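Biologist: I've got a new model on my screen and I'd like to learn how to read it. Could you walk me through a few features?

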Amino acid sequence: MNNSNPASGNLRGRLLIIGVAVLTFGPFILAWYMAKHPEWVGSTTNYGELIAPPRPIDLADLTVAPSMGDFPLAELKHRWVLAQLAPAGRCEAPAKTLCTAANRYGCA
């Protein structure tokens with residue numbers, strides 16, 4: 001014979017639904033509230049860090065890693081580019097790792 005109280009089952013179900021609702025909507029409500037009160041977040045910036053002073057690179061001096069195939073470097077002119085500079089002949093593995101990471105995180 002089962003001696004459990006049906007009221008305790010209802011309470012447990014309600015608490016479960018409330019918990020799921022808090023976990024689902026809580027982050028959205030918190031983000032909205034923090035957007036309305038930016039002074040709570042503090043002063044943050046996300047401007048990146050550039051090379052100072054900037055150094056122009058001549059496209060004729062660059063070579064493409066063999067894994068990239070026949071890539072026209074002229075397409076990069078007047079565009080922001082994440083460049084990995086390495087001595088000639090020793091950049092294949094680091095370049096492949098960087099490209100894989102950039103594709104994985106949606107940067108490329």
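Modeller: Sure. Helices and strands here are DSSP runs, with at least four residues for a helix and at least two for a strand. Keep in mind that this is a predicted model.

Biologist: How many helices and strands does the protein chain have?

Modeller: Two helices and zero strands. Helix H1 covers residues 6–36, and Leu 30 is found in that helix.

Biologist: How much of the chain is buried?

Modeller: Of its 108 residues, 4% count as buried. The accessible surface comes to about 10300 Å², and 63% of that belongs to carbon and sulfur atoms.

Biologist: Which residues make the nonpolar surface patch?

Modeller: Leu 30, Trp 32, Tyr 33, Met 34, Trp 40 and Val 41, together giving about 630 Å².

Biologist: Why does Tyr 33 count as partly exposed?

Modeller: Because its relative accessible area is 36%, and partly exposed runs between 20% and 50%.

Biologist: And how do I read aromatic rings?

Modeller: You describe a pair by the distance of the centres and the angle of the planes. This structure holds one aromatic pair: Trp 32 and Tyr 33, tilted, at 6.4 Å centre to centre with 50° between the planes.

Methods
Residues are numbered from 1 along each chain as its sequence is written. This is a predicted model: local features need pLDDT of at least 70, side-chain atom pairs count only at pLDDT 80 or more; totals for chains, interfaces and linings use all residues. Side-chain values use heavy atoms; hydrogens and water are left out. Patches are made of residues with over 30% relative accessible area and no salt bridge: like charges are joined within 9 Å, nonpolar side chains (Val, Leu, Ile, Met, Phe, Trp, Tyr) within 5 Å. Accessible areas come from the Shrake-Rupley method with a 1.4 Å probe; for residues, only the protein chains shown count as cover. A salt bridge is a side-chain nitrogen of Lys or Arg within 4 Å of a carboxyl oxygen of Asp or Glu. Rings of Phe, Tyr and Trp (its six-membered ring) pair if their centres lie within 6.5 Å; planes under 30 degrees apart count as stacked, over 60 as edge-to-face and the rest as tilted. Buried means under 20% relative accessible area, exposed over 50%, partly exposed in between (1.4 Å probe, protein chains only).
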